Amino acid sequence: MADPTAAGGGAPNLEPHNPEPVGLQSNLARRVMAALVLAPLAIAAAWFGGWFWAILVTLTVVGLFGEWMMIVNNLRPSALMWGFLALAAAGLAAAVGHWEIANLSIALGLFAMFLFSAPNLRAWSAVGLGYTAAALFACILLRRDPTHGFVALIFVLLVVWITDILGYFVGRGVGGPKLWVRVSPKKTWSGAIGGVVGSLLFSGAFAAAGYGKLGPLLLLGTVISVISQFGDLFESALKRQFGVKDSSQIIPGHGGLLDRLDGFMAAIIVAAVIGY
């Protein structure tokens, strides 16, 4: 994922908290190994849907919120506990279609963020809870469609993965002008464009396989690809703001859940809005 180490522009030049793995090949091997484990798990849970998908998404979102709170340095037990409880209750309520309870749970969680957080961290903590809750609701809503839910979810997942993979390899292979040096010094315009082109090719193949019309799928694939890259940059900017390199080290070669799913979170929220 993006490397948010400092690159001038007025922000402090902080050293990363977690040094990168030694050697590009070692890091790539870890990425591949992690993907081979996590991708089938995500696809299988999406296929079964229902409680399988809801539980996986809820547990993941709880982890994402915990990493967000670590990044913004809000580790007050009361704030963490109420945030975790709010997301868990919202996920369970959404799984059985009780959206009023799900919304109330998040509303109470947001209140707790302001009640139990330090004054300078209240807004950051509330944004983290709101953002992760939006991703939670989007994942469950999109999959609940009995006709197109699984296909739509897989389309978003694959577009984000293809954008990320091609962006990584094209960016390293072609290089060129940087996309946003202050936020992510390693990202290039060539990688960003390569990711969008990959999403267009995949969207065309998806249409050719009979899963939708070519024009709308090309447009949707482009939007999701671009939004996923904005989600990546958003997380990079957050980490740079707080002088953090990785959200955690839970996934070998990737860092944390937030490092791996930053683009997907933004993409799935936008996809759910478009779908509904």
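# Salt bridges, a surface patch and a cavity

Read along the sequence, the chain of this predicted model runs α-α-α-α-α-α-β-β-α-α-α.

User: How many helices and strands does the protein chain have?
Analyst: You can read the tally off the pattern, which goes α-α-α-α-α-α-β-β-α-α-α along the sequence. In the protein chain, that comes to nine helices and two strands.

User: What share of the residues is buried?
Analyst: Buried here means under 20% relative accessible area. The protein chain has 276 residues, and the buried part of them is 47%.

User: How many salt bridges does a search of the whole structure find?
Analyst: Side chains of opposite charge can pair when their charged atoms come close. One such pair here is R260 with D164, and another is K187 with D232. Searching the whole structure gives a total of four.

User: How many residues apart in sequence are the parts that R260 and D164 tie together?
Analyst: The closest N and O atoms of R260 and D164 are 2.1 Å apart, which makes a salt bridge. R260 belongs to helix α9 (residues 257-275) and D164 to helix α6 (residues 149-174), so the parts they tie together are separated in sequence by 96 residues.

User: Is R260 buried or exposed?
Analyst: The cut-off for buried is under 20% relative accessible area. Its partner D164 has 18% and is buried. R260 comes in at 19% relative accessibility, so this residue counts as buried.

User: Which elements does the salt bridge between K187 and D232 link?
Analyst: The closest N and O atoms of K187 and D232 are 3.2 Å apart. The two residues sit 45 positions apart, in distant parts of the chain, and the elements are strand β2 (residues 184-188) for K187 and, for D232, helix α8 (residues 214-241).

User: Which class does K187 fall in by relative accessibility?
Analyst: Take D232 as a reference: with a relative accessible area of 6%, that residue is buried. K187 has 23% relative accessibility, and values from 20% to 50% fall in the middle class, so K187 counts as partly exposed.

User: What separates E235 and K239 in helix α8?
Analyst: These two form a salt bridge with their closest N and O atoms 3.6 Å apart. Both are buried, E235 at 4% and K239 at 0%. They are four residues apart in helix α8, so the separation is about one helical turn.

User: Which residue is linked with E235 and K239 in a network of salt bridges?
Analyst: E235 and K239 already pair with each other. The network of salt bridges that holds them also takes in D259.

User: Which helix gives the most to the nonpolar patch?
Analyst: The patch on the surface is formed by W51, I55, L59, L92 and V96, with about 500 Å² of accessible area together. W51 is found in helix α2 and, at 44% relative accessibility, counts as partly exposed. With three residues, the top contributor is helix α2 (residues 50-71).

User: Which elements give two or more residues to the lining of the second largest cavity?
Analyst: The search turns up three cavities of 30 Å³ or more, and the second largest has a volume of about 50 Å³. Its lining consists of L157, V160, W161, R260, L261 and F264. The elements giving two or more of these residues are α6 and α9.

Definitions and conventions:
Residues are numbered from 1 along each chain as its sequence is written. This is a predicted model: local features need pLDDT of at least 70, side-chain atom pairs count only at pLDDT 80 or more; totals for chains, interfaces and linings use all residues. Side-chain values use heavy atoms; hydrogens and water are left out. A salt bridge is a side-chain nitrogen of Lys or Arg within 4 Å of a carboxyl oxygen of Asp or Glu. Buried means under 20% relative accessible area, exposed over 50%, partly exposed in between (1.4 Å probe, protein chains only). Patches are made of residues with over 30% relative accessible area and no salt bridge: like charges are joined within 9 Å, nonpolar side chains (Val, Leu, Ile, Met, Phe, Trp, Tyr) within 5 Å. Accessible areas come from the Shrake-Rupley method with a 1.4 Å probe; for residues, only the protein chains shown count as cover. On a 1 Å grid over the protein atoms alone, a cavity is a set of points where a 1.4 Å probe fits but cannot get out, and a pocket is an open set with protein on both sides within 12 Å along at least five of seven lines; lining residues have an atom within 4 Å of a point. Grid points are joined across faces, edges and corners, and a volume is the space filled by probe spheres set on the points.
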